[in-house]
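Colleague: I would like a close look at one part of this model, taken piece by piece. Please start with the strand pairing, then add whatever packs against it.

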Amino acid sequence: VMAMIGWRGLDSMVRSRDVGQRASERTLLLSAVIGQWEQDLQSVQDTLAVPALAFDGASLRLTRRGDGGIQLVVWSLREGVWRRWAAAPVTRVADLQEHWMRSQQLQGTEAAQLKLLDGASSWQLYFHQGGAWSNAQSTGVVAAAAAPGASAPSSREQLPAGVRLVIEL
């Protein structure tokens, strides 16, 4: 009887340790993913070729400064998996626009897509603009910006002052 009680106690401690270790590993992974998320957002570079930030509910596309030029990065949530795809840095507008068009056709199975986090059921982004938070899919604040070499300003969406991520795990 004492051996049985001792064995159950030991088994319970081992299972508790395993559960705690899995939770710690997931927290560490989530911390690393959020660190990359913050780094991408802090490096956002506005370009006249493509929108600097665009969220369609399934994917966030952003252009960021990188070694060797401007890089297009796509964060997406498909089938419970949060993924990140990054194009090679480019210095030509045509190449950036080509990457943008290619990013519209990502399926989630491309070799360059990194599987970051399993078990994400939904996500929503909010942009802080004009002193308030609003859904990132709604109309942004439009600012007049003169394109290089253009005589008149064109309407462009202004970058938000902040981005808030709500992800359900």
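Modeller: Start with strand β4, residues 81–86, which pairs with β5 in the antiparallel sense over 4 bridges. Within that pair, valine 81 of β4 faces aspartate 118 of β5. Keep in mind that this is a predicted model.

Now take the other partner of β4. β3 and β4 pair antiparallel too, over 6 bridges. Tryptophan 75 in β3 stands opposite arginine 84 in β4. The two strands form a hairpin with 2 residues between them. In its turn sits glutamate 79, with a positive phi of about 50°.

Go one strand further. β2 and β3 run antiparallel and are joined by 8 bridges. Here arginine 64 of β2 stands opposite glutamine 71 of β3. This pair is a hairpin as well, and 2 residues separate its strands. Glycine 68 takes a positive phi in this hairpin, near 95°.

So much for the pairs; here is the whole sheet. Its 5 strands follow the order β1-β2-β3-β4-β5. The sheet is open and the pairing antiparallel. At the edges are β1 (53–55) and β5 (114–118), each pairing on one side only. From one strand to the next, the twist averages 20°.

How much of β3 is buried? The strand is mostly covered, with 8 of its 10 residues buried. In a regular strand, side chains alternate between the two faces of the sheet. It is worth looking at what packs here.

Two helices touch the strands. Helix α1, residues 2–42, lies across β1, β2 (59–66), β3 (69–78), β4 and β5. Its direction is at about 65° to β2. Helix α2, residues 93–103, also packs on the sheet and touches β1, β2, β3 and β4. The direction of α2 makes about 5° with that of β3.

Helix α1 has further contacts to follow. It lies across β6 and β10 as well, running at about 155° to β10. Those two strands belong to another open sheet, of 3 strands, in the order β7-β6-β10. The pairing in that sheet is antiparallel. Its edge strands are β7 (132–135) and β10 (162–168), and each pairs on one side only. Direction ignored, neighbouring strands there are turned by 30° against each other on average. Between β6 and β10, which run antiparallel, there are 7 bridges. One facing pair is glutamine 124 in β6 and valine 166 in β10.

Last, return to β1 and the space beside it. Rolling a probe the size of a water molecule over the atoms shows where empty space is left. The largest pocket has a volume of about 190 Å³. Of its 15 lining residues, Pro51, Ala52, Leu53, Ala54 and Glu157 are the closest to its centre. Which strand gives the most to the lining of the largest pocket? That is β1, with 3 residues. β6 (122–129) and β9 (153–157), like β1, each supply at least two residues of this lining. By class, 9 residues of the lining are nonpolar, 3 are polar and 3 are charged.

To sum up the route: β1 is an edge strand of the 5-stranded sheet and also a contributor to the pocket lining. β6 is a strand of the 3-stranded sheet and also lines that pocket. Helix α1 lies across both of these strands, β1 and β6.

How values were computed
Residues numbered from 1 in each chain as written. Predicted model: local features only at pLDDT ≥ 70, side-chain atom pairs only at ≥ 80, totals over all residues. Heavy atoms only, no water. Pairing = 2+ DSSP bridges. Axes fitted to C-alpha atoms, helices over the stretch in contact; angles between N-to-C directions. Contact = heavy atoms within 4.5 Å. 1 Å grid on protein atoms, 1.4 Å probe; cavity = no way out; pocket = protein on both sides within 12 Å on 5 of 7 lines; lining within 4 Å. Points joined across faces, edges and corners; volume = space filled by probe spheres on them. Nonpolar A, V, L, I, M, F, W, Y, C, P; charged D, E, K, R; others polar. Buried < 20%, exposed > 50% of the residue type's maximum accessible area, 1.4 Å probe, protein only.
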